[in-house]
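Here are my notes on this entry, set out point by point. Please read them with the structure open.

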Amino acid sequence: MSETDTATQTHCPYCALQCGMGLARTPTPNGARVEVVERDFPVNRGALCGKGRTAPDVLSAGARLGGPLVRNRATGKLEAAGWEDALDRVAEGLVRVRAAHGPDAVGVFGGGGLTNEKAYALGKFARVVLRTSQIDYNGRFCMSSAAAAHNKAFGLDRGLPFPMADISRTGCVILVGSNLAETMPPALRYLTELKANGGKLIVVDPRRTRTAEQADLHLQPRPGTDLALALGLLHLVVAQGHVDEEFVAERTNGWPQARAAAMAHWPEMVERLTGVPVPALREAVRLFCDTPDGTGMVLTARGPEQQAKGTDTVGAWINLCLATGRAGRPLSGYGCLTGQGNGQGGREHGQKADQLPGYRKLDDPAARAYVAGVWGVHPDDLPAPGRSAYELLDALGGEVKALLLMGSNPVVSAPRAGHIEGRLAALDFLAVCDVVLSETAAMADVVLPVTQWAEETGTTTNLEGRVLLRRKAIDPPEGVRSDLYVLNGLAARLGWEKGFPTDPEEVFDELRRASAGGPADYSGITYRRIAEEDGVFWPCPDDSHPGTPRLFHDRFATPDGRARFVPVIHRPSAEEPDGDYPLYLTTGRVLAQYQSGAQTRRVAELNAAAPGPFVQLHPQLADRIGIADGDPVAVTSRRGRAVAPAQVSRAIRPDTVFMPFHWPGEGRANTLTNPALDPTSRMPEFKVCAVRVERADS
């Protein structure tokens with residue numbers, strides 16, 4: 001029998017692909033060594049990136065927390081403590097602040113890496129036990145603009161309305177603002193297969209990334225002009241007679257208004273705004289509209305979404321799909337490449353400020369009544385919607401005086417990070433649950449070490465809407481407990497002896513009941529079905545339902561079953577270059593690191609491949625300011641200054657610099673980024689701000 005046959009079947013802890021993997025245990029004198037082995041799973045078909053392959057390294061004692069830490073009030077230092085004392089200290093801090101200032105003085109901040117069970121329990125804990133409206137999560141920083149646009153156009157938000165396998169079979173893909181060759185490498189095979197099958201790939205990115213190098217056509221717009229680009233393409237679709245008039249008439253509403261908005265963005269104007277030449281615009285329309293079978297997809301990621309106009313930008317790309325009939329049909333549609341491991345499930349079951357389980361709306365009386373019934377409370381006892389993620393972090397130390405934080409590291413990952421670090425320091429009380437002593441955890445009054453993916457069972461929902469089962473492979477260290485244990489212990493100390501079980505399957509069964517009848521209906525999904533069927537796609541409203549791999553083929557999820565065009569027009573970014581800050585900054589990820597780097601920076605192999613931040617700039621810019629490759633570069637915005645070595649490259653526009661955001665310290669990219677918010681999604685504008693660049697020693 002092979003290692004693969006005996007390995008625990010589970011999933012990678014990192015990105016939203018949630019690649020299948022096996023975990024094999026090898027006995028050692030000190031216990032057991034865990035190794036990743038190949039698993040035949042539909043999404044990744046055995047392939048893994050370096051992050052997934054080395055994920056067990058973070059399980060080792062040297063990389064992670066081994067017991068609770070409590071800050072000594074006399075010395076100000078974190079010291080080892082027992083679990084009972086640590087939980088008592090957290091409960092005391094939350095109760096003290098709530099008694100003095102009211103329930104909304106206590107905040108809760110979650111993470112897109114939490115399992116569905118944890119996300120559900122955290123939202124319930126905030127609203128039932130703490131009775132606070134002040135809960136949101138870091139997933140707001142990932143795909144909230146796409147989610148808002150999805151809901152406006154289709155009446156339902158699921159990252160992809162089709163399985164990943166469909167991507168390789170469509171006629172043309174427009175990939176906007178995604179470098180998936182580095183952010184989710186196993187997904188690159190779908191684009192390779194797309195081209196092998198005769199399909200075309202158009203990549204939209206200010207940088208010539210590894211992904212853009214695979215494209216038949218690379219459009220390289222100025223940061224912040226994706227909206228103008230989408231409108232210019234739709235203008236050409238109309239002008240060249242590519243509108244699917246039958247589809248538009250039978251399956252959509254609002255086309256006249258959207259058409260009028262697009263026609264105000266003629267090609268020459270769009271070239272001036274974006275820097276993309278008119279012939280390239282025309283070629284993009286030709287490739288997208290002239291496919292042999294009339295199929296095509298638009299896939300967006302953080303590039304167009306992490307903008308103060310991200311919802312409108314995604315809406316413009318959806319309008320392009322609708323006008324050409326590339327939606328609601330086989331092998332066609334708009335999709336969002338969700339980022340975090342449970343970014344999809346995390347926004348469906350109650351972590352988000354305005355949502356209840358099942359993707360219900362917190363301000364909907366019927367939704368409140370239903371979920372309150374499942375929870376055994378009165379609907380009037382549930383708080384109203386609260387602040388969005390950045391607004392919650394910005395309120396710390398002011399109206400919000402205590403914070404319980406799970407699975408997030410905003411000291412590195414939040415926009416205007418220096419300011420947010422200051423707000424965290426101003427809190428009366430901070431408790432952090434994490435695997436490692438992250439930069440945020442190091443600021444806490446109490447740090448609670450929690451189990452990792454291989455040490456617990458639970459579900460996640462990948463970017464396809466496929467609900468998956470992570471299985472426990474090993475026991476955690478003696479001093480480590482699960483997040484569910486933490487919530488159970490805190491709830492009991494705050495007067496709720498029941499309602500917060502520690503068994504994940506019991507929590508999931510309650511989640512199923514709470515989601516029943518909602519847009520994200522999990523009621524027909526069980527652990528057994530997930531294991532037997534390689535995951536189950538929601539919505540799945542009963543045990544006999546097969547799940548829904550493909551959405552919208554018969555109707556859209558709107559009251560009349562029609563998709564809705566949303567008319568949008570281009571507007572400048574919240575901050576454009578000027579005489580003092582003459583360049584654009586855009587940020588992103590690199591292959592060997594993940595998100596704030598709290599885990600991947602502790603893996604030797606990954607750290608060797610990507611040891612620190614850098615500033616990518618064009619040779620023309622480097623020559624102008626006297627910079628050579630490797631020289632220290634200072635990048636300054638209106639919010640702060642970051643310093644990192646230069647990476648001189650023709651892969652980036654001359655008017656733009658790029659920094660990855662995985663590191664703290666003087667190279668922290670999010671010191672610079674702009675917290676200007678999208679008016680609908682409340683997404684900060686991570687992807688574009690104005691900066692100046694100079695030698696760090698000048």
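How many bridges join strand 28 to strand 29, and in which sense do the strands run? The first point takes this up. Keep in mind throughout that this is a predicted model.

1. The hairpin. Strand 28 (residues 674-677) and strand 29 (residues 684-685) are joined by 2 bridges. The two strands run antiparallel. Leu677 stands opposite Pro684 in strand 29. The hairpin has 6 residues between its strands. Look at Arg682 there: this residue takes a positive phi near 65°.

2. The parallel sheet. Here 5 strands form an open sheet, and the pairing is parallel. Read across, the order is 10-9-8-12-13. Strand 10 (217-219) and strand 13 (333-336) stand at the edges. Each has a single partner strand, so one side of each is left without a neighbour in the sheet. On average, neighbouring strands of this sheet are turned by 15° against each other, direction ignored.

3. A pairing inside that sheet. Strand 8 (residues 172-176) pairs with strand 12 (residues 297-300) in the parallel sense. The pairing extends over 4 bridges. To find it, start from Leu175, whose bridge partner in strand 12 is Leu299.

4. The antiparallel sheet. Another open sheet has 3 strands, in the order 19-20-21, with antiparallel pairing. Its edges are strand 19 (458-461) and strand 21 (536-537). Each of these has a single partner strand, so one side of each lacks a neighbour in the sheet. Strand 20 (residues 466-470) is joined to strand 21 by 2 bridges. One residue to locate is Arg466, whose bridge partner in strand 21 is Phe537.

5. A helix on that sheet. Helix 4 (residues 116-130) lies across strand 19 and strand 20. Its direction is at about 95° to strand 19.

6. Helix 8 against helix 11. Helix 8 (residues 226-239) packs with helix 11 (residues 267-274) at an angle of about 160°. Their axes are 9 Å apart. An angle over 145 degrees counts as roughly antiparallel, which is why helix 8 is described that way relative to helix 11. The crossing is left-handed. Helix 8 brings Ala228, Leu229, Gly232, His235 and Leu236 to the contact. Helix 11 meets them with Pro267, Val270, Leu273 and Thr274. By class, this contact has 6 nonpolar, 3 polar and no charged residues.

7. Helix 5 against helix 14. What angle do helix 5 and helix 14 (residues 310-323) make where they pack? The angle is about 45°, with the axes 8 Å apart. The two helices are therefore oblique to each other. Their crossing is right-handed. Among the residues of helix 5 in the contact are Ala149, His150, Lys152 and Phe154. Helix 14 residues there include Thr311, Val314, Ile318 and Leu322. The contact residues divide into 8 nonpolar, 5 polar and 1 charged.

8. A ring pair. The whole structure holds 12 aromatic pairs. One of interest joins Phe154 and Phe556: their ring centres are 5.6 Å apart and their planes are at 15°, so the pair is stacked. Phe154 belongs to helix 5 (residues 144-154). Phe556 is in the loop between strand 21 and strand 22 (563-564). The two residues are 402 residues apart, so the pair links distant parts of the chain. Phe154 also takes part in the contact of helix 5 with helix 14.

Key. Residues are numbered from 1 along each chain as its sequence is written. This is a predicted model: local features need pLDDT of at least 70, side-chain atom pairs count only at pLDDT 80 or more; totals for chains, interfaces and linings use all residues. Side-chain values use heavy atoms; hydrogens and water are left out. Two strands pair if DSSP finds at least two bridges between them. Contact means heavy atoms within 4.5 Å. Axes are lines fitted to C-alpha atoms, for helices over the stretch in contact, and angles run from 0 to 180 degrees between N-to-C directions. Angles under 35 degrees count as roughly parallel, over 145 as roughly antiparallel, 65 to 115 as roughly perpendicular and the rest as oblique. A crossing is left-handed if the near helix is turned anticlockwise from the far one by less than a right angle, and right-handed if clockwise. Ala, Val, Leu, Ile, Met, Phe, Trp, Tyr, Cys and Pro count as nonpolar, Asp, Glu, Lys and Arg as charged, and the others, Gly among them, as polar. Rings of Phe, Tyr and Trp (its six-membered ring) pair if their centres lie within 6.5 Å; planes under 30 degrees apart count as stacked, over 60 as edge-to-face and the rest as tilted.
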